Amino acid sequence: MDRIAQLLEQLDREAYVADPAIATSLHLALELRKPLLIEGHAGVGKTEIAKVLARLMGTDLIRLQCYEGLDASTALYEWNYARQLLHIRMQEKDGHAAPGAAEAQIFSEAFLLKRPLLQAIAHKGTPPVLLVDEIDRSDEEFEAFLLEVLSDFQVTVPELGTIVARERPHVILTSNRSRELSDALRRRCLYLWIDYPPFEKELSIVRRKVPGASEALAAQVVGLVQRLRTAKLSKVPGVSETLDWAAALAVLHASHLTPEIVSETLGCLVKDEADLRKVRGEMAAGRLPVGAA
Amino acid sequence: MSDLVQRVVGLCRDLRARGMTVTTAHAIDAVRALHFGALQSRERTYLSLRCVLVGRPEELEIFDEAFAALFGKQQAPAEGPVRVHRRSPPPEQAAVPSLSSWGQPGDEGEGGEDEQEEIKAASDAAAVAQKDFSAFSAAELDEIRRISARIARRLAARPSRRWKSGRRGPRVDLRRTLRRSLSNGGETLDLRFRRRKPRKTRIVALCDVSGSMDLYSQFLLQFLYALQGTVARVESFVFSTSLRRVTDLLKQPDYAAALRGLSAEVHDWSGGTRIGACLADFNRDYPAMIDGRTVAVILSDGWDTGDPAILGAEMESLRIRSRRVIWLNPLLGSPGYEPLTQGMQAALPHVSVFAPAHNLSALRALERHLLA
């Protein structure tokens, strides 16, 4: 069996419902040793891919969650100042206080706090999966910095020297497109766009992830969500919302949708006041497949 | 295999001709990708090459076309076509009229029958009208300038999340402090501090000077002029049927001189409006002007004679790339006005602040709003 089919099966075993596009992209990322940039709407399972990949390769997942203002000291490394200070004090008490020796000691690896990027580079054993989550939320400066790290997989700590990755980690970047990423970064990466899944795929995702939901319920839930995605909502429900909602309905032991139960649990799915009003209006007008009263 | 290499190279060339960025490194990766078992089926080849060569969702459709052209149209791609917004075809030049006598509070309805008479016909041909914009009193000008300055500063000044080390600041910079203490044998004699660097925001202002904006144009231009004079990084544009960068024209020591320059240089005052097309021009011609630190300010009533789908798409592109999109609509100040025009409807989802700007009190309110 070839590798892509094998990957598909492995993903399936990890309860990730993948399609050939996802498997092919992962396969190429592993073979070509290039970072994979995954874009798509919120809640289509971008982050999950990295987690599943780490599981099926039996290796560690190192996650760097990006946010506005994320800088090198939070992403790469920082010195453990408190420990350094303590160490200096201890040495003073013991009486040997040659400044040069103290410096060499406190700027050694034992006093280094490794942040995700350095962890991934200095990782020993099988190469880890490095997930750079929501890269679009970081600043452009950080993106440029990341680019540098991703091209060399080496980091220079002035006090220590250069640390080079023994084996390149598998890198997965995700983005919600809240801002446009630089061409330089895109050029460096393989690309995968994940769209909202079609009905069949979403149904099998619900079946896999919410076994408590009956077959009929799952189909109704997915049908309604798919219908809502075509309505112009400001926050379009993702697959994770579908799963939340299906799980909520399963807990409530609903065997099928009724307007009442939809109305009560709509908050799992539609998370914006204006959207809620719109959906309730559509429901009242009988334009949504919410089952019979 | 060598035939395939040639085809891949051909594909890369084709994609480049269609406007995608495809480097030699891409081509090499594409061939390597085929090597790693992408040849078993057409679908595999398609998915592998797509993964390597495409870099953004807008390119998916272009890729599909190029791939089909080269490898023959066989069946639909595996997951069906991906629905991503793509540039719509240019608008047919519909002569949808724009209002000229709009704006007396109270008489704006939602495009009823009786309004038709007030509508200026066929206004896409720019009605050339050289105007004298100097009706404001000196005191009013001063007040506008002061408020604009405060608004501009509010928009621009924002502490960055990044730190800067120095002798003063609210927080101790441990790393530097410790480093320095070493030269005193570990004794901290001299504290180093750090503070937030100020973040430099750029403002790009796009002002509608079409016929329907007649009443407000002079007021808004005044605002634009004041904005320009306050913060270093302001870029100004005016638009009606076409877009014109006026940053340099507004950089005059006094407003009268700026206006003289404007009237001499800008010729389609009071014509019709094609906001979508003008925004498209802006997005195409000045792509680097908008980045994650840029606040885009649009001053317009949203009366667009173009295709609302274009306006929506261009607004989206603006929103994605900018920090914030602010739409100042003079009509919003009129009681009972609701943004129901198709253009406004298409634009609104992409606007983070939608506020009135028709007089001084509205400007003051805007200032308070931005503070929050």
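In this predicted model, helix 3 of chain A is followed by Gly58(A), a residue whose phi is positive, near 60 degrees. The helix itself covers residues 46-57, and its length can be checked with simple arithmetic: at 1.5 Å a residue, its 12 residues should span 16 Å, and the end C-alpha atoms are 17 Å apart, which agrees. Several side chains of helix 3 of chain A are hidden from the surroundings, as Lys46(A), Ile49(A), Ala50(A), Val52(A), Leu53(A), Ala54(A) and Leu56(A) are buried.

Next comes the meeting of the two chains. Chain A brings 47 residues to the contact and chain B brings 44 residues. About 4100 Å² of area is buried between chain A and chain B, with carbon and sulfur atoms giving 53% of that area. Charged groups also take part, with 4 salt bridges found across the interface. Arg175(B) pairs with Glu159(A) in a salt bridge whose closest N and O atoms lie 3.6 Å apart.

Arg186(A) belongs to helix 9 of chain A, which covers residues 183-188. Its relative accessibility is 6%, and because buried means under 20%, Arg186(A) counts as buried. Beyond its neighbours within four places in sequence, Arg186(A) touches residues of chain A, including Leu37(A), Glu39(A) and Tyr191(A), as well as Gly55(B) and Arg56(B) of chain B.

Leu174(B) offers a view of the surface. This residue lies in helix 6 of chain B, residues 174-182, and is partly exposed, with a relative accessible area of 38%. Together with Val172(B) and Leu191(B), Leu174(B) makes a nonpolar surface patch of about 220 Å².

Terms used. Residues numbered from 1 in each chain as written. Chains lettered and ligands numbered in written order. Predicted model: local features only at pLDDT ≥ 70, side-chain atom pairs only at ≥ 80, totals over all residues. Heavy atoms only, no water. Patch = residues over 30% accessible without salt bridge, like charges linked within 9 Å, V, L, I, M, F, W, Y side chains within 5 Å. Areas by Shrake-Rupley, 256 points an atom, 1.4 Å probe, with all protein chains shown as cover. Salt bridge = Lys/Arg side-chain N within 4 Å of Asp/Glu carboxyl O. Helix = DSSP H or I, 4+ residues; strand = E, 2+ residues; numbered from the N terminus. Buried < 20%, exposed > 50% of the residue type's maximum accessible area, 1.4 Å probe, protein only. Contact = heavy atoms within 4.5 Å. Expected span 1.5 Å × (residues − 1). Buried area = accessible area lost by both parts, 1.4 Å probe.
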